[in-house]
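Visitor: I have a protein model open and would like to learn how to read it. Where do we begin?

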Amino acid sequence: MRCPQGWVAVCTTDDLTPGRGVAALLPDGTQAALFADRAGQTYAIANRDPFTGAQVLSRGLTGSADGRAFVASPLLKQRFDLASGDCLDDPEVAVAAYPVRTRGGERDS
């Protein structure tokens, strides 16, 4: 994934299970939540739930609404679009979304 420090290798595609998240510690000390859907699309968003401050989005439930893949926070259940980071339940709230690329069987973040 690409974070403010540049491209960072986080895990391989084998480390991602569709429907489940993986948390990663980034070079600046922040955390990201990585996901893969059943079609093989990969996503990375900030792991911090902006409503509670807890680093838990990687543990949320995934789904889709109106064709948009999302993760629901395991705490208060707000849904975050995996592509944009926008909160589907509160348009004034969003988390960072990071570009993801897969290279040679490895995922870069």
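Visitor: What share of the contacts in the protein with a separation of 6 or more comes from residues 24 or more positions apart?

Guide: This is a predicted model. Such a share tells how far along the chain the contacting residues lie. Here, residues 24 or more positions apart account for 42% of those contacts.

Visitor: Which secondary structure elements does the protein have?

Guide: Count helices and strands separately. The protein has twelve strands and zero helices. Its radius of gyration is 13 Å, close to the 13 Å that the globule rule gives for 109 residues, so the protein is as compact as a globular protein of that length.

Visitor: How much of the protein is buried?

Guide: Buried means under 20% relative accessible area. Of the 109 residues, 38% meet that cut-off. In strand β5, residues 31–36, five of the six residues are buried, so the strand is largely enclosed by the rest of the structure.

Visitor: Which strand joins β5 by five bridges?

Guide: Look for the bridges and the sense in which the strands run. Strand β6, residues 42–46, is joined to β5 by five bridges, and the two run antiparallel. Threonine 42 in β6 is the bridge partner of alanine 36. Strand β4, residues 22–25, also pairs with β5 in the antiparallel sense, over four bridges. There, valine 22 stands opposite leucine 34 of β5.

Visitor: Which residue in the turn between β5 and β6 has a positive phi?

Guide: Check the backbone angles in the turn. Glycine 40 has a positive phi of about 95 degrees, in a hairpin with five residues between β5 and β6. The hairpin of β4 and β5 also has five residues between the strands, and glycine 29 takes a positive phi near 95 degrees.

How values were computed:
Residues are numbered from 1 along each chain as its sequence is written. This is a predicted model: local features need pLDDT of at least 70, side-chain atom pairs count only at pLDDT 80 or more; totals for chains, interfaces and linings use all residues. Side-chain values use heavy atoms; hydrogens and water are left out. The radius of gyration is taken over C-alpha atoms; the globule rule is 2.2 Å times the number of residues to the power 0.38. Buried means under 20% relative accessible area, exposed over 50%, partly exposed in between (1.4 Å probe, protein chains only). Contact means heavy atoms within 4.5 Å. Two strands pair if DSSP finds at least two bridges between them.
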